[in-house]
Amino acid sequence: MMWRSIKSLTTSSSSHILRRGYASEAVPYRKVAVLGAAGGIGQPLALLMKLNPLVSSLALYDIANTPGVAADISHINTRSEVYGYSGEAELGKALEGADVVIIPAGVPRKPGMTRDDLFNINAGIVKGLCEAIAKHCPHVSMELLLEQVCLYVRVNLDGLVELYLALVNMISNPVNSTVPIAAEIFKKAGTYDPKRLFGVTTLDVVRAKTFYAGKGKVPVAGMLDMWIYYTDLVSFFGSEVNVPVVGGHAGITILPLFSQATPKANLSDAEITALTKRTQDGGTEVVEAKAGKGSATLSMAYAGAVFADACLKGLNGASDVVECSFVQSTITELPFFASKVRLGKNGVEEVLGLGPLSDYEKEGLEKLKPELQSSIEKGIKFANQ
Ligand SMILES: NC(=O)c1ccc[n+]([C@@H]2O[C@H](COP(=O)([O-])OP(=O)(O)OC[C@H]3O[C@@H](n4cnc5c(N)ncnc54)[C@H](O)[C@@H]3O)[C@@H](O)[C@H]2O)c1
Ligand SMILES: O=C(O)C[C@H](O)C(=O)O
């Protein structure tokens, strides 16, 4: 475990924490933990995070099978060091000092199931993991820290002052409920910071972009991105098409805003309706195609890696990073809502508004609210019972 001093934490986003000669001067030390790392999403996500040069240390945790995954991935000659942690007794070590914690732990759907059908199993898994996050890597704001300094700062065995902080990227379904569960667990532990909890809805955006580009006959990714991919992994993630997706992450709560898509494509109302439905049913399309062997894993790993990369860039001081995510929000009457979010050194720097909606999108927005509200309430109730 590599501990960080309070001095290094305060300077980490702008300069240099060098580790064993791997990092360049400009890249701060960053630890990413993946919980559920041996699973269908966890393995390819771990691979993509290993390719990300912003990652210094990669902690792979699962209830079983992580030693093999970690050994395998650790042989890849990229910057980060890889550690495998297996079983609950090792969870604390996996989490300690993490900057970003990604959670793809939990059971996936089978054909005929809704995401909410996963609630009974996944709610308990997420609750347990969030209790551990609250214990081992809670973030505290400077304000809270000054108020309650004794609670959150401790001196480690080497005499260094430690301050834990993490951005939590929740992938486990049903995201519309697991994010509120996490928020309640963190509140109970006194560590909740709404700027640091994210429901990962990037796969909806990824799908909307792909389907829109296909139908609108616009390039899905710039040639430059492809070229950079082969020459410089720093700029691996990126595409030309942009489509915001708002609401939540299940069925009609997924609301792609094709009226705001760029570049503009000439699509009829019927085509927009079909694209909206396909985006909302994208998860089910994969579940049915996999015919009982799980849900989206590879596209989700890509989406999870894109989102985690955005979080890391924000933490490192970039001020122009915008992604859609399901976060605590006041842009509608619902307490959590997915929309464009500007990321920065503190996680969420700004929850961006919805922008101008078409009549079709306004209708979709009103339709999704009752379902999203009830999924949020279900999560809150579960966490407090
Ligand atoms: N947010 C999204 O867009 C999105 C997309 C795809 C899948 N998902 C969800 O992600 C979850 C995982 O899907 P998958 O296909 O990787 O499933 P999977 O069954 O292949 O993998 C899940 C992994 O979680 C592990 N796990 C279970 N309990 C755990 C615990 N307490 N601590 C740590 N690890 C634990 C399992 O051992 C397994 O390795 C599902 O809930 C799925 O619905 C979300
Ligand atoms: O559909 C699922 O169950 C998995 C995931 O939420 C997805 O959108 O692919």
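1. The helix α12 gives the most residues to the shell around ligand 2, four of them. The model is a predicted one, and this note begins with that ligand before turning to the domains, one helix and one annotated residue.

2. The residues that surround ligand 2 are P108, R109, R115, N173, L203, G282, G283, V286, V287, S295 and A296. Sorted by class, this shell holds five nonpolar, four polar and two charged residues.

3. Where does ligand 2 lie with respect to domain 1 and domain 2? Both domain 1 (6-199) and domain 2 (202-384) give residues to its shell, so ligand 2 lies between them.

4. The domain assignment of the protein chain gives these two parts, with domain 1 covering 6-199 and domain 2 covering 202-384. Their contact takes 48 residues from domain 1 and 48 residues from domain 2. On the side of domain 1 that touches domain 2, the elements giving two or more residues are α2 (42-51), β4 (100-103), α5 (119-136), β7 (167-170), α8 (175-189) and β8 (197-199). Helix α8 gives the most to that side, with ten residues. By class, the residues of this side of domain 1 divide into 29 nonpolar, nine polar and ten charged.

5. Helix α9 takes in residues 202-216, 15 in number. From its first C-alpha to its last α9 reaches 21 Å, close to the 21 Å expected at 1.5 Å a residue. After α9 comes K217, which has a positive phi, near 55 degrees.

6. Is α9 largely enclosed or largely open? Eleven of its 15 residues are buried, so α9 is largely enclosed by the rest of the structure. The buried residues are T202, L203, D204, V205, V206, R207, A208, K209, F211, Y212 and A213. They pack against two strands, β9 and β10, then α11 (269-280), α12 (282-290), α13 (298-315) and β11 (321-328). One of these buried residues, L203, is also among the residues that surround ligand 2.

7. An unreviewed UniProt entry lists H249 for "active site". H249 is placed in the loop between β9 (245-247) and β10 (254-256). Why does H249 count as buried? The reason is that H249 has 28 C-beta neighbours inside 10 Å, and a residue is buried if 20 or more lie within that distance.

8. Leaving out residues up to four places away in sequence, H249 touches V175, N176, G199, T201, D204, I254, F326 and A338. Of these, D204 is also one of the buried residues of α9.

Technical notes. Residues are numbered from 1 along each chain as its sequence is written. Chains are lettered from A and ligands numbered from 1 in the order in which they are written. This is a predicted model: local features need pLDDT of at least 70, side-chain atom pairs count only at pLDDT 80 or more; totals for chains, interfaces and linings use all residues. UniProt positions are given in the numbering used here, feature names are shortened, and annotations may be inferred rather than shown by experiment. Helices (H or I, at least four residues) and strands (E, at least two) are DSSP runs, numbered from the N terminus. A residue is buried if 20 or more other C-beta atoms lie within 10 Å of its own, exposed if 12 or fewer, and partly exposed in between; C-beta atoms are placed from the backbone. Two residues are in contact if their C-beta atoms, placed from the backbone, lie within 7 Å. The expected span of a helix is 1.5 Å times one less than its number of residues. Domain bounds come from an automatic or database domain assignment. Ala, Val, Leu, Ile, Met, Phe, Trp, Tyr, Cys and Pro count as nonpolar, Asp, Glu, Lys and Arg as charged, and the others, Gly among them, as polar. A residue is near a molecule or strand if its C-beta atom, placed from the backbone, lies within 6 Å of it.
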